[in-house]
Amino acid sequence: MTLIQCAEVHKSFGAVRALNGLSLAMQAGEFVGLLGPNGAGKTTAIHLLLGLLTPDAGDVRVFGLSPVRQRTQVVRRLNFASAYTTLPSNLTVRENLRIFARLYGVREVERKIATVLELFDLGTLRQTVAGRLSSGEQMRLSLAKSLLNDPELLLLDEPTLSLDPYRAETVRQLLTRIHQERRLSILYTSHNMREVEALCHRICFLHRGRLIADGSSEDIKRQFNADTLDEVFIRVAQSGELVTQEEPRHA
Amino acid sequence: MRESWQRLYAMFCRYVYLQRRSLPRILGVVFWPVMELLVWGYVTRYLQQVAVPLAPLITFLIGAMICWDLLYRSQQAVSLGVMEDVWTRNLINTLITPLRLWEWMAATFLYGLLRGLIITVLLATLASALYAFHLWSLGWALGLFALELLLFGWALGLMTAGLLFRYGYAAEALIWGIPFLIQPFSAVFYPVTVLPPWARAVAQVLPSTYAFEGMRHVIHQHTLDLELFWRAMGLNGLFLLVAVLVFRALFLSSRASGRLVRLGIE
């Protein structure tokens, strides 16, 4: 089943062309890494999938639906966590989760909250005001929020950015477990190449708003004749010319 | 419908949690109105002493101040409701839930109503104790005009919220500024007849003008002027309709241009 389908999507912000004919597909059950240098269009792509932006041209489908015109049906089935957003800092962990659980129409709210608190080791912090949490704890709270509605698709924008190595590893293990146990589909952006390699079965490499490579990490390294993903990333960041000579491979 | 109510209630709870958690916020809600009441109360008392024949007229100043605060607070509840999510970088989280825009705005309306009621009761009690101004004795007719001010506050709040989506932090000052833009023309503390012709023309299109004129009528004549009431109601209907359209158009244009997302992560 195709969860995400982007066809020739264009999006500009004034003179800045963020997406330039992006075509991308993601199947149910996949753990996909969305990579690319700053300005490649990763975050714009995620915001389009969330219905927070409208494409200038092209078609965006999530669960076969338009995230803009059929927003409510789409957002019920997905969730999102990002290092760039936080939950209301002046509410406690529990209050935040209770409000989002109600917004998502979760049944058995308290039971669900207890489950995600335990999952992300936030039980002892339930009465703590979110603003007093460390950045790592805040990220765990965002992740806990993102699982409240049992999403079929989880969009994660650099979720380990603010975590120390131990917590980052814990989150990675947790995501792997959730992905395997629940067959949860995850679209993941990160600048940590080793993390992406360890987590994602498939990598979509974006550059200048286009998909320039798509496949397993081994496929990508082979395509760029590189030993590591870091090397691929640096080459892409240094020169757009080098990569555009390559024929992009679509899934 | 049940789901809509649940989401609306969730947002309402969010604002109530926010309020009760913070002492500065609680003080922020009651501090300024109480200070204003003290100033206007003593000004009124002084004017009553030096202009005895005008005493009943002057009494209206306290009532006007209390009712003006109702409009101001209901407008603020709507626009601050939006800004809270911007300030806490929670806007994107809110926008990707099944919450509909009208449910969100309805929650801010209810929150504004709650705040308005609390402040009105507090000020009316203080005015009664300190200045023997008994707001409740003016009867239900005054309540009808207070409702008009509440509705107008919601309409102004919606327009302000739309401008916040469109212009972001640059429009933040409007939250506090917009009500004072209309205050001089609304004949809050004086009859509309004292305004020059050009200002009277502006006053005629504001529902608040008829609400305050109606309130003065209630205080002096102890009767409800239905014409003033219906004029205010008609204009409120128009303002609310325009406010909804403006809010929706600004929200959609902000989403299309990417400003909405920038506002959420800035």
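Into which domains is chain A divided? In this predicted model, chain A splits into domain 1, which covers 2-77 + 151-244, and domain 2, which covers 87-149. Taken over C-alpha atoms, the centres of these two domains of chain A sit 25 Å apart. Where they touch, ten residues of domain 1 of chain A are in contact with seven residues of domain 2 of chain A. On the domain 1 side, helix α6 of chain A (residues 165-182) gives the largest share, three residues. That side is made up of six nonpolar, one polar and three charged residues.

Then there is the contact between the chains, to which chain B brings 29 residues and chain A 25 residues. On the chain B side, the elements giving two or more residues are α1 (2-21), α4 (91-95), α10 (226-257) and α11 (259-265) of chain B. The largest share there comes from α1(B), with ten residues. Sorted by class, the side of chain B that touches chain A holds 14 nonpolar, eight polar and seven charged residues.

As for the interior, the largest nonpolar core counts 152 residues. Among those with the most contacts inside this core are A:L49, A:Y188 and A:F205 from chain A, along with B:L149, B:A155 and B:L158 from chain B. Helix α6 of chain B (residues 140-167) supplies the largest share of the core, 17 residues. Domain 1 and domain 2 of chain A both give residues to this core, so it lies between them. Picking out A:F205, and setting aside neighbours within four places in sequence, its contacts are A:L35, A:G36, A:I212, A:A213, A:I220 and A:V236.

Definitions and conventions:
Residues numbered from 1 in each chain as written. Chains lettered and ligands numbered in written order. Predicted model: local features only at pLDDT ≥ 70, side-chain atom pairs only at ≥ 80, totals over all residues. Contact = placed C-beta atoms within 7 Å. Helix = DSSP H or I, 4+ residues; strand = E, 2+ residues; numbered from the N terminus. Nonpolar A, V, L, I, M, F, W, Y, C, P; charged D, E, K, R; others polar. Core = buried A, V, L, I, M, F, W, Y, C linked by C-beta atoms within 7 Å. Buried ≥ 20, exposed ≤ 12 C-beta atoms within 10 Å, placed from the backbone. Domains from an automatic or database assignment.
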